[in-house]
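Trainee: I am new to this structure and would like to look closely at a single part of it. Could you take me through one helix and its surroundings, step by step?

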Amino acid sequence: MSDFKGKYLVGVYDDDEVILHAVPKLRKAGVKINEVYSPFAIHGMDDALGHPRTRIGIAAFMFGVTGCICALTLLIWTMGIDWPMIVGGKDPISLPNYIPITFELTVLFTAFGMVTTFFISNGLGPSLVTPAMFDPRSTDNKFVMAIELKKNRLSEAEIAQYLRDTGAEEINIKQF
Amino acid sequence: MHVTSPVRPPLVTGGKTYADVTEDICRHVENNPTKEWLIAFGISVIVLIYGTACVLWTWWEGLGVWGLNKTVGWAWDITNFVWWVGIGHAGTLISAILLLFRQKWRTSINRAAEAMTIFAVLCAASFILMHMGRPWLAYWALPLPNAFGSLWVNFNSPLVWDVFAISTYFSVSLVFWYIGLIPDLATIRDRARSKVSRFIYGSLAMGWTGGAKTWSRYEYISLILAGLATPLVLSVHTIVSMDFATSVIPGWHTTIFPPYFVAGAIFSGFAMVQNLMLITRVVYRLEDYITLEHIESMNKVITLTGSIVGVAYLTEFFIAWYSGVEYESYAFINRATGPYWWAYATMMTCNVVSPQLFWSRTIRRSVTWTFFISIIVNIGMWFERFVIIVTSLHRDYLPSSWAMFSPTRFDIGDYIFSFGFFFTFFLLFSKYLPVINMAEVKAVIRSSSERLPIKVAGVAKGDRVASPTFNKDAQ
């Protein structure tokens, strides 16, 4: 998370409802909010911030289809083509018998593919360095709004006033 | 304005705030282990060492040290395997199915239940390895092109389906559990005082900062994972039941097995969750998070699944008679009145009668009764697997092959191993990781706590919209 460069105004709220209501007000006033950090998911926050709907579900579906095709290819090739054999009176290519393994591999590919996509798209991964944070209390009980001053037309004092008016408990300046 | 519904008692009591949740849950991770924990851990490790010695001896000498014979070729190994897999199911059920059903009470118990799933599935897998006799050849069960004649594993066999089902189930459960842990690991990282713990929890937290976009994707993938895990958990025990149901052994060749096994798995799994959570809530003083409401809700699930299991017992008995197949009828009459009648009676008493006690509200909300009945249920479910396996096998089609099974000390020792393994790892988990999902509990606390009023600036007039302090913090 070292892509934060510059000077930020950090509004610290102590209630999720307050910050949820603050976000649209600030955006309406023309403040560009970089991100909101919270100790848990605040429902409606992505809409309030104007984030587009995540497409991770489409990725999950693609991984599922890949898993299903891989499983059927493996089963049909091994049991039907490479070494066809009749066991227990079942045909070498017998789709009903292939359902359990096809299902399991579809689930496996979807779960792992989707989670890997999640990690990559959020820049998460095994790291030996503690990430740069605007306020470490945002993983405990505080709700933090980060606003980069350079990106905003409004002055520092104006933004601070908006933060104060919407219920921020603290306003800090953070320089990366 | 904060409204509490009179029909929905608070899920978290004691008027907790977000900071209290962090403090209460992190306390046991950050402090030194308690004396109770050290004693329990010491006992578990001793049991594990003894069990490991038995397992190693089994492998060294071969499966001849078990009490198996020509007729009873499966006994304690598969009984223990099916029992442990069943125990694991409650964790996924709580985290996945209850998430899909929007059951908020799951948040206090899902973390520990998922950990239980992972360790229980590992215990189950250990019996598969043990009963192979030559565990170093376990990879033969995988679909690898081999040098033994270009043969492949038989994908039509339920035993191979098991390999796929159990390994997928384990890996998906592990991922689900770990994803849920990441936000809490970040909380511990940010509170850590020592460099070592900041480094360890920091590496595990994978750089989590809790941005809104990350949370949104996190919730989305949790929901999809739950959607995947729900049919997965049902498929796993269905496939385990097919190990039996697709055979031609009387007493096994039963179409009711898949739903009956799944219900039994949830039944025993919830009983194990009760046992673990009742101990955890007392040892870590989490009575405000795992309340009587949670215990009661789980007891209701136990009553429901216990009743389904009871109906299944009666149904298979009825169908054995109704089918008119003499071998099938004999198998069931022999179960109830044959030489293993005592195992059948134990199973019926523990699984059919004991959960019905939970119809009484007093018993359902009593910690002592719950703990006692949960143990009884687990014993009953172990006997169910034993009855299905051994009573069906000990009477072959050929009366000259009729035999009895009795366990040796290695059968028992290997079972003891699984307990040592399970409790050692569960205790390590409960000491070094948060036993309750802090992020999820915080998310439900507003709608289900006793206090935490809504403070919306400009909406609730005069409510704490304090003038903020202005700090210059140039770092």
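Mentor: Let us take helix α7 of chain B, which spans residues 212-245, and keep in mind throughout that this is a predicted model. Its partner in chain A is helix α4, residues 95-121, and the two pack with their axes 10 Å apart at an angle of about 160°. Since an angle over 145 degrees counts as roughly antiparallel, α4(A) and α7(B) are therefore described as roughly antiparallel to each other, and the crossing in which α4(A) passes α7(B) is left-handed. On the side of α4(A), the residues that make this contact are A:P100, A:F103, A:E104, A:V107, A:T110, A:A111, A:M114, A:V115, A:F118 and A:S121. On the side of α7(B), they are B:T214, B:R217, B:Y218, B:I221, B:I224, B:L225, B:L228, B:P231, B:L232, B:S235 and B:I239. Sorted by class, the contact of these two helices comprises 15 nonpolar, four polar and two charged residues.

A further helix of chain A, α3 (residues 56-82), also packs with α7(B), here at an angle of about 35° and again with the axes 10 Å apart. In this case α3(A) passes α7(B) in a right-handed crossing, and the contact joins A:I56, A:G57 and A:A60 of α3(A) to B:Y220, B:I221 and B:I224 of α7(B). The residues of this contact are five nonpolar and one polar, with no charged residues.

For chain A, an unreviewed UniProt entry lists residues 56-78 and 98-120 under "transmembrane region". In the model, residues 56-78 of chain A are 100% helix and 0% strand, with end C-alpha atoms 33 Å apart. Residues 98-120 of chain A are likewise 100% helix and 0% strand, and the C-alpha atoms at the ends of that span lie 33 Å apart.

Returning to α7(B), we can follow B:Y218 into an aromatic pair, one of 53 such pairs that the structure holds over all chains. The ring centres of B:W208 and B:Y218 are 5.5 Å apart and the ring planes stand at 70°, so this pair is edge-to-face. The pair links distant parts of the chain, with B:W208 in the loop between α6 (195-205) and α7 of chain B and B:Y218 in helix α7 of chain B, ten residues apart.

For a contact within chain B to set beside these, consider helix α3 (residues 76-100) and helix α5 (residues 158-191) of that chain, which pack at about 40° with their axes 11 Å apart. That angle makes α3(B) oblique to α5(B), and α3(B) passes α5(B) in a left-handed crossing. From α3(B) the contact takes in B:F81, B:V85, B:G88, B:H89, B:T92, B:S95 and B:A96, and from α5(B) B:D162, B:I166, B:Y169, B:S173 and B:F176. By class, this contact has six nonpolar, five polar and one charged residue.

Key. Residues are numbered from 1 along each chain as its sequence is written. Chains are lettered from A and ligands numbered from 1 in the order in which they are written. This is a predicted model: local features need pLDDT of at least 70, side-chain atom pairs count only at pLDDT 80 or more; totals for chains, interfaces and linings use all residues. Side-chain values use heavy atoms; hydrogens and water are left out. Axes are lines fitted to C-alpha atoms, for helices over the stretch in contact, and angles run from 0 to 180 degrees between N-to-C directions. Helices (H or I, at least four residues) and strands (E, at least two) are DSSP runs, numbered from the N terminus. Angles under 35 degrees count as roughly parallel, over 145 as roughly antiparallel, 65 to 115 as roughly perpendicular and the rest as oblique. A crossing is left-handed if the near helix is turned anticlockwise from the far one by less than a right angle, and right-handed if clockwise. Contact means heavy atoms within 4.5 Å. Ala, Val, Leu, Ile, Met, Phe, Trp, Tyr, Cys and Pro count as nonpolar, Asp, Glu, Lys and Arg as charged, and the others, Gly among them, as polar. UniProt positions are given in the numbering used here, feature names are shortened, and annotations may be inferred rather than shown by experiment. Rings of Phe, Tyr and Trp (its six-membered ring) pair if their centres lie within 6.5 Å; planes under 30 degrees apart count as stacked, over 60 as edge-to-face and the rest as tilted.
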